[in-house]
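Here is a short briefing to read alongside your structure. Have a look at the model first, then follow the points below.

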Amino acid sequence: MLRFSWTRFLAVLKKEFIHIRRDRASLIMAVAMPLGMLLLFGYAVNTDVEHLPTVVWDQSQTQESRDFVSSVRNTQYMDPDDYVSGYKQIENYLDSGKARAAVIIPPDFGKQLQEQQATVQVLVDGSDPTVARAVTSAVQMLGFDKSLQLQSQRLAAMGISGGTTLPLDIETRVWYNPDMKSRNFNIPALIGLILQNVIAMLTSFSIVREKERGTMEQLIVTPIRSLELLLGKLLPFVLIGFVSLSLILVTGIFWFGVMPMGSIPLLVLLSTIFLFTILAIGLLISSIAKTQLQAMQMTFILILPSILLSGFVFPRETMPKLLQLMGGLLPLTYFLEIVRGIFLKGVGLQFLWQDTLALCLFAVILLAVASKKFKKNLD
Amino acid sequence: MSLAIDCQGLIKRFGTYTAVQDVTFQIPQGAIMGFVGPNGAGKTTTIRMLCGVLVPSDGKATVLGFDVKSQPEDIKQRIGYMSQKFSLYDDLTVAENLAFYAGVYNLRGKEAAAQKDRVIERIGLGERTSQLVSSLSGGWKQRVALACALLHSPQLLVLDEPTAGVDPVSRRIFWDIIHQLAKEGMTILVSTHYMDEAASCDYLGFVFYGRLIAFGTPEEMKQREGKETLDDLFIYYVEREASEDPRNTKAGSGGAG
């Protein structure tokens, strides 16, 4: 009598699939939420500084000043499309947000450039520090390059040929994400975030619903065993998890062109372990929550810190120790290391084993606690 | 005649609160036993202990020859249970609900199909099988729930306020089926608030603040206290017991049954 019964397990499984099929809200959540979040993060959350609207006050109106403006455009950081004359207008552009930067070229720019030192003023809207920092360093770089070029021309004209080589040259190479696209950084991480949000919510809903309707009470009186009920209820969400995972992978690769550098089978394997920790979290939520509304609120309590503390947006290294420790309590933190490692660096288990171990520990501990609580609720 | 339920000094405590106190009774197979008493008196707690769901704090009970403490799984497989709340899945059809409960009672293949056909025929659900439960009226839901509880041909049927909030016609149909089942040898344990339903039981138990204060056939019980109707008897018991109940003198300490 105490043996695991496939008949009972399959009965639960079949019933769950009917529930999911009839419940449009959870179907939408399983398919539309991953896609929606992916498009949102793929397009909107873009920390790359590019093509900022820039206003130019060219008081010089010479060949030199026009050359300078076009080299500003060539940095790709700024689009100097609007021309004005006067500080009042510039202020207007920056205040209204029509421009994020302004370039002011003095009247004697051409002449000064030939003779001694020309000064160009660049005003930057510093409301967003990331943008301001990027623009500042871009124009400084530009100024340095330009000066170097002019200086060597002058030296060459004076007959000194050695002036073209610099005593120190720093060569920088950006690895893993050479174009420094934030999309390449964000989309792999979305696999973790989306799986966590969708699966935790759906799992907890499915169990809390039985409590809310009173059907759990009926099930307790039947010979069904908690393991049969648990597996029957969780397995559909494992499948939904895989559907979400492939949806994100396919969209990420074919739509956004974010190719994983490492092994996809390894990624799927480790995502499965992550999925189990999430199922366990959903299960835990359902054992505490009494209504679906409570379950939803608890899931949101989980979502917010996991966006902020897991390293999804902000690097964990710069956080205060306490917040780092708190982030360490989230399975997502470790999974993000794994998924970014595989996607961007193309590394394997030899570098990811610590994160994998942490994830496995989470899975085992959380599942044990959750199923014990679930069993206790049932008895 | 062998006993379907043999209950000896059953006690259930929740912390310091005693929900069921020393309940003792026996009912033979094929009898209808009714539990009456106010809400929170401990009817449901007693029923849940007999179903093998709650472990008694003390005392001993055997149901269909199985011990409630050590053999709850044997009991669960042999009893049908229907509670005061609708225990069906609203978003499933009648047939899908039946199929689910057939699976839960470990029925498969031909056996499951035969049992489903049998209860559909018996309860008269033939035309409703493809309907969603959410579209059914209260009376029909009750009958579908009964059908689900009968799928595995239980020897004991446990009904916890099965007709609460159901219209009189549906109530009549429901009880006709119950009496028919008892005639065929099924034992029935039912809790109810309706005195007309109580009157038609073979045995009655009055449950009050966790104690079984009177037990017997309806006729015996009325004679014992010299009352004309069960209504009178019920009110007499309530008034007598309420004056003796310690909780009525100690304000503010309630508890669930």
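**What surrounds helix H11 of chain A**

The buried residues of H11(A) are covered by elements that include helix H7 (182-213), helix H10 (264-288), helix H12 (321-327) and helix H13 (331-345) of chain A. This is a predicted model, in which local features need pLDDT of at least 70, side-chain atom pairs count only at pLDDT 80 or more, and totals for chains, interfaces and linings use all residues. Residues are numbered from 1 along each chain as its sequence is written, while chains are lettered from A and ligands numbered from 1 in the order in which they are written.

**Helix H11 of chain A**

- Helices here are DSSP runs of H or I with at least four residues, strands are runs of E with at least two, and both are numbered from the N terminus.
- H11 of chain A covers residues 292-309, and its 18 residues should span 26 Å at 1.5 Å a residue (1.5 Å times one less than the number of residues); its end C-alpha atoms are 26 Å apart, which agrees.
- Its buried residues are A:Ala295, A:Met298, A:Thr299, A:Leu302, A:Ser306 and A:Leu309; buried means that 20 or more other C-beta atoms, placed from the backbone, lie within 10 Å of the residue's own, and exposed means 12 or fewer, with partly exposed in between.
- Seen down the axis of H11(A), these buried residues fall within an arc of 115° (taken over the directions from the helix axis to the C-beta atoms), so they line one face of the helix.
- An α-helix has 3.6 residues a turn, so residues three or four places apart point the same way.
- On the face turned away from the buried side of H11(A) sit the exposed residues A:Leu293, A:Gln297, A:Phe300, A:Ile301 and A:Leu304.
- Just after H11(A), A:Gly311 takes a positive phi of about 95°.

**Domains of chain A**

- An automatic or database domain assignment divides chain A into domain 1 (6-45 + 181-378) and domain 2 (52-164).
- The centres of these two domains of chain A, taken over C-alpha atoms, are 50 Å apart.

**Where chains A and B touch**

- The contact takes 21 residues from chain A and 20 residues from chain B, with two residues in contact if their C-beta atoms, placed from the backbone, lie within 7 Å.
- On the chain B side, helix H2 (72-78) and helix H3 (94-104) each supply at least two residues.

**Chain B overall**

- Chain B has ten helices and ten strands.
- Of its 257 residues, 44% count as buried.
- The C-alpha atoms of chain B fill a box of roughly 55 × 40 × 40 Å along the principal axes.
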